Amino acid sequence: MIVLGIETSCDETAAAICRDGKIISNIVSRQIIHSKFGGVVPELASREHETLLNNVIHQSLSEANIGLQNLDAIAVTQGPGLSGTLLTGICFAKGLGFGLNIPVIPINHLEGHIFANFIAEPSLKPPFICLLVSGGHTQLWHVQEMGNYHLLGETRDDAAGEAFDKGARILGLGYPGGPEIEKAGKGGDPTTIEFPRSLLGNNNLEFSFSGLKTSLLYFMDDFQATKNISKKDVIASYQQAIIDVLVTKVKRAMKMKGVNTCVIAGGVAANKCLRKTLEMDMGDQRIIFPDLSYCTDNGAMISYLGEKKLKFKGYNSLSFGALPNLKLS
Ligand code: KG4
Ligand code: ZN
């Protein structure tokens, strides 16, 4: 089976082709227009998708060396995400699906992120804990079987990706903040400043990053006066504070649920310090990360999950819309 996946939930215009469980092309066009605003401007993102989608899809087909007539279905992100950007992808998918007379499969973006781990590790089987860490979400899921997701805890305020993005802005770095902080903090001493780690109390599986962000803001107000501290060390310390909380909660969730496999999903999963810390701390427990190209938003996870869903049931309706607040369970 050959499935085209289209992803436009935020500022990545992405398309990929999955053939029989293998990703044979994966094209992502990150919209650079937003970097000067320090965050995504929704209206601009929708317009960019409009401009880029045709080309990105064309490229995904030509890289996979297939034509439109070879497609068995189209999978498209239905939500969560920005309503305007979701609509551009959905309208495109519906038009193409209608023209080709093939099914169009609505996909939950969050479930797509979880499934990116199956691309890396097809032998992965539930039960496992999933740490979903992106620009909009920080959640711990207990995945008892596929399609059966139980939320163990989530953030009360900012998502981990947001903490990276907002922190980067305070530090005078670019957008998106995660890769910028990772690069600028490389080689820095993460123990230099003891930034706060919130909600670490017994059995707590929730997150909070807004205090950490405020603490960085106050610290940077006085930074000029603290001449003996390098900015690299501040950045490394800030990153470490986010990572420590994520790692503590993952380990706690695994222990509480008696599960020895954990998968990491979403853009923050691309962070190499997070990967290294988890690998060092996990002992003989199994930890799985998607390939770096499948961590941040991409069409591969959408096409892969679309093909799986198509095997279980038919899709013959085009009467679905964008669901900006779509939940996982
Ligand atoms: O999953 P994603 O591409 O989009 C959403 O669904 O939100 O995640 C984007 C988030 C951004 O906040 C970005 O700063 C963060 O993932 N991110 C990273 C890294 N790469 C992307 N955070 C930390 N380290 C990275 N290397
Ligand atoms: Zn995402």
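The protein contains nine helices and 10 strands. Its radius of gyration is 20 Å, close to the 20 Å given by the globule rule for 329 residues, so the protein is as compact as a globular protein of that length. The model is predicted. Along the principal axes, the C-alpha atoms fill a box of roughly 65 × 45 × 30 Å.

Burial and contacts were computed next. Of the 329 residues, 53% count as buried. Among contacts with a separation of 6 or more, 72% come from residues 24 or more positions apart. The exposed surface amounts to about 14,200 Å². Carbon and sulfur atoms supply 51% of that area. The protein carries 31 positive and 32 negative charges. The mean positions of the two sets are 2 Å apart.

Aromatic rings were then paired by the distance between their centres. With a limit of 6.5 Å, the count comes to seven aromatic pairs. One of these joins Phe 195 and Phe 219 in an edge-to-face arrangement. The ring centres are 5.8 Å apart, and the planes meet at 80°. This pair links distant parts of the chain, 24 residues apart. Phe 195 sits in the loop between helix H5 (177-185) and helix H6 (210-221), whereas Phe 219 belongs to helix H6. Both Phe 195 and Phe 219 are buried.

Phe 207 and Phe 209 give a stacked pair. Here the centre-to-centre distance is 6.3 Å, with 20° between the planes. The angle is under 30 degrees, so the pair counts as stacked. Phe 207 has a relative accessible area of 0% and is buried. Phe 209 is buried as well, at 1%. A further grouping extends from the edge-to-face pair: Phe 195, Phe 219, Phe 223 and Tyr 238 form one aromatic cluster.

Gly 89 was examined individually. This residue lies in helix H2, which spans residues 83-100. Its relative accessibility is 0%, so Gly 89 counts as buried. Which residues does Gly 89 contact, leaving aside its neighbours within four places in sequence? The partners are Ile 6, Thr 8, Leu 53 and Val 76. Leu 199 is 110 residues from Gly 89 along the chain. The C-alpha atoms of Gly 89 and Leu 199 are separated by 38 Å.

Technical notes: Residues are numbered from 1 along each chain as its sequence is written. Chains are lettered from A and ligands numbered from 1 in the order in which they are written. This is a predicted model: local features need pLDDT of at least 70, side-chain atom pairs count only at pLDDT 80 or more; totals for chains, interfaces and linings use all residues. Side-chain values use heavy atoms; hydrogens and water are left out. Helices (H or I, at least four residues) and strands (E, at least two) are DSSP runs, numbered from the N terminus. The radius of gyration is taken over C-alpha atoms; the globule rule is 2.2 Å times the number of residues to the power 0.38. Buried means under 20% relative accessible area, exposed over 50%, partly exposed in between (1.4 Å probe, protein chains only). Contact means heavy atoms within 4.5 Å. Accessible areas come from the Shrake-Rupley method with a 1.4 Å probe; for residues, only the protein chains shown count as cover. Lys and Arg count as positive and Asp and Glu as negative; His and the chain ends are not counted. The place of a charge is taken as NZ of Lys, CZ of Arg, CG of Asp or CD of Glu. Rings of Phe, Tyr and Trp (its six-membered ring) pair if their centres lie within 6.5 Å; planes under 30 degrees apart count as stacked, over 60 as edge-to-face and the rest as tilted.
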